[in-house]
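Hello,

Here is the structure I promised to pass on to you. Have a look at it first, and then read my notes below.

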2 protein chains.
Amino acid sequence: MRLPAGTRDWLPGELAAKRALEAALRAVFARFGYQEAATPGFERFDVIEAGLGEALAAESFRFTDRRGTTMALRPEMTTPIARLVSTRLRNGPMPLRLCYVAPVYRYEEPQEGRMREFTQAGVELIGNASVEADVEIMLTALEALDAAGLPDACIDVNHVAIVDAVLREVGLQPDEARVVKSLLGRRNLVALRAFCGERGDPKVQVLPELALLRGGTEVLERLLRYVPHPRVDGGIARLRAILARAESLSMGHRIAIDFALLRDFEYYTGLVFEAYVPELGFSLLGGGRYDALLGRFGGEAPAAGWSLGVERLLIALERRGGMEAAVVDGAEFLVAGDDRVARALRARGVRVARALNGAEEGALLAEAQAHGIPRVIVGGTCIEVAGGARRPVEELLA
Amino acid sequence: MRLPAGTRDWLPGELAAKRALEAALRAVFARFGYQEAATPGFERFDVIEAGLGEALAAESFRFTDRRGTTMALRPEMTTPIARLVSTRLRNGPMPLRLCYVAPVYRYEEPQEGRMREFTQAGVELIGNASVEADVEIMLTALEALDAAGLPDACIDVNHVAIVDAVLREVGLQPDEARVVKSLLGRRNLVALRAFCGERGDPKVQVLPELALLRGGTEVLERLLRYVPHPRVDGGIARLRAILARAESLSMGHRIAIDFALLRDFEYYTGLVFEAYVPELGFSLLGGGRYDALLGRFGGEAPAAGWSLGVERLLIALERRGGMEAAVVDGAEFLVAGDDRVARALRARGVRVARALNGAEEGALLAEAQAHGIPRVIVGGTCIEVAGGARRPVEELLA
């Protein structure tokens, strides 16, 4: 019985590691004042499309209900949260801090780090357009990566207004700008240089440079040499502020400006960022500012947020030698006989499996060993499976 | 922007109550030695149909992927877990104790207690056919209802082999038996009596009685007066054992035998049960023994289990005056100024929202009040929103 392509089962040990990671992430969200919200597993397709645009919506799993309405399994959580806030919370106090941990679905070719069903965890900070809000979501991202056990993960940041302003500044038409952004996003230097060669205009020589500029505040100075235009000032000021604040928390070394970072989602309007660890070729986390998204659902509020792929973090952790030891959540005792002993232990919060096949000691020890249960209780005695040490049950219950 | 029919959003307060309930249920499962497993949100439709039979599979949300394979959002978790165990765990040590908390999807007419997307939590005890296993899952059900805050919820039990044996005993053909079981399940006494009147045979007079017999061990005695046949002995012995064991744990009053309890799922082969609270017209929890299900996926192992509807429990709790107080998970402090104060508090596990709009005290107090945040920190001072008491931040961090 094969599973659908791009999906997987989670056996207990695997799921315990995932649940532990999810709990660590939820704890970070709570410490930053974010509260979890949830939306349905599927939405009307027109809602998804209004949020994501045509290209990404096309990657959604769609089906038609019996009334003929097209539905889609949600391909991400930012659009549903924007819909939720716009319809239910638009008149409440701002800013709103919401978070989520939820499965999402994309019809893509499965490969490492790219499943058709995967789990997104993320935050949305809604109702505030300030650089303070940008800083806050960057810091939550860094803390989440730390809490996950990846304190060396680094974040690349960019500001979509900077790239757009540069492209306008060098005189590109909207069509050309789209092509160049696509080349830039894939860091296709050969094609970018060819494009510049064709144009001849010395101004466009900044484009390959954009794909190469990467680093700290010095790359902002460098960019201003090419494009000393006030239209980039706002974006540059934001990136500067973010770097300075990260610096003040001793996390400056983990953030790099990268003008070629252009995320797929068309809803971003300002800051964009992605987090990486050196050994993996895909991002762990991505986000940014999307001030126009809520307006598409009638909500009209600035917002910023990010989401990470829980399974991608698990891959990164596994590459580094597995989750910190195996997360153990199996039974601590195998108990034969009287129900009341098992019940008394459980009332103390202990994990107790009951023996179902009688009370023969050898069989009980074998069963416990097969299941990795460290202790057996039979006939009023607690026996350690490893070593065989015995003590009266009363000692446990005292 | 409407939601799909039969689905809902969860705002933070609502979701906090649901998450608290899910955590309480997971804790019960762990204390009984059950470990959580997970399966994809959708499966190949032929898998769902193999488990559930045609009628229930027809209630699933289906879609066709781009290769033409029909998929279905899972309508319940027992079939996917049976598939998982049959394909991945069949050679491991038995018994297996698995649990889950997961969304499932059914295309039904939405009404109270019946959503198209809802959350199932449940257990599966696999690889043991004994009455001990039946007892264990009954006890986990009672403990789960207790932990949820519904210690007066009662469980109706039946054994499908008893009903089947009675129908054969009175001479019904398979077609007639199906009709009678359907009438019995709906407790349609009028139609059952009409059926008996047509037949004339005094033996069939037991059928309306079956729909009325409900109670403790005395109803087993009563049944044996009508059908003194060894074919019902096995089932009756099981029910007797379950009642006796519940009695020994002082829970006998919460279990009643009900021969008209016939669950929809065709995979049940022995014990079946459902839990109710008096004020709700739908069951909270249902389950039973399904010894043939794993065999449909090549696994061949006896098994028993149950699942409950998390949203149904929430309805029951809400009817009784809400979840025990509101579950509070919002920020405890609103902090303006230096990032390091917020960070130091978070490092102590405290929930801290950061002020994004400057450090004017009146505005901060107003923002905190609007969000239900009890304390503001600004300029090195912690201020109680209610009352205005002040103390130095150092006291908090000491």
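For what follows, a salt bridge is a side-chain nitrogen of Lys or Arg within 4 Å of a carboxyl oxygen of Asp or Glu. Please keep in mind that this is a predicted model.

Let me start with the interface. Between chain A and chain B there are 12 salt bridges. One of them joins A:Glu14 to B:Arg88, with 3.9 Å between the closest N and O atoms. The two chains also share 29 residue pairs in polar contact across the interface, both residues at pLDDT 80 or more. On the side of chain A that touches chain B, helix 1 (residues 12-31) supplies the largest share, 7 residues. That side of chain A divides into 40 nonpolar, 14 polar and 32 charged residues. Each chain brings 86 residues to the contact, and together chain A and chain B bury about 7400 Å², of which 56% is on carbon and sulfur atoms. You may also like the network of salt bridges that links A:Lys18, A:Arg19 and A:Glu22 with B:Arg26 and B:Glu36.

Over all chains, the search of the whole structure gives 72 salt bridges. Here are a few to look up.

In chain B, B:Arg238 pairs with B:Asp134, their closest N and O atoms being 2.7 Å apart. B:Arg238 sits in helix 10 (residues 233-248) and B:Asp134 in helix 4 (residues 131-147), so this salt bridge ties together parts of chain B that are 104 residues apart in sequence. B:Asp134 is buried, at a relative accessible area of 0%.

Also in chain B, the side chains of B:Glu332 and B:Arg351 form a salt bridge at 3.9 Å, N to O. B:Glu332 belongs to the loop between helix 11 (310-319) and strand 13 (333-335), and B:Arg351 to the loop between helix 12 (339-347) and strand 14 (352-354), so the pair connects parts 19 residues apart in sequence. B:Glu332 is partly exposed at 23%, and B:Arg351 is partly exposed at 21%.

In chain A, A:Arg114 meets A:Glu108 at 3.2 Å, N to O. A:Arg114 is partly exposed, with 30% relative accessibility, whereas A:Glu108 is buried at 14%.

Finally, a word on helix 3 (residues 78-89) of chain A, where 10 of the 12 residues are buried. Among them are A:Ile81, A:Arg83, A:Leu84 and A:Leu89. The buried residues of this helix pack against strand 2 (42-44), helix 2 (45-57), strand 5 (96-105) and strand 6 (117-126) of chain A.

Best wishes

Conventions
Residues numbered from 1 in each chain as written. Chains lettered and ligands numbered in written order. Predicted model: local features only at pLDDT ≥ 70, side-chain atom pairs only at ≥ 80, totals over all residues. Heavy atoms only, no water. Buried < 20%, exposed > 50% of the residue type's maximum accessible area, 1.4 Å probe, protein only. Helix = DSSP H or I, 4+ residues; strand = E, 2+ residues; numbered from the N terminus. Contact = heavy atoms within 4.5 Å. Buried area = accessible area lost by both parts, 1.4 Å probe. Polar contact = N/O pair within 3.5 Å; in protein donor to acceptor, adjacent residues only side chain to side chain. Nonpolar A, V, L, I, M, F, W, Y, C, P; charged D, E, K, R; others polar.
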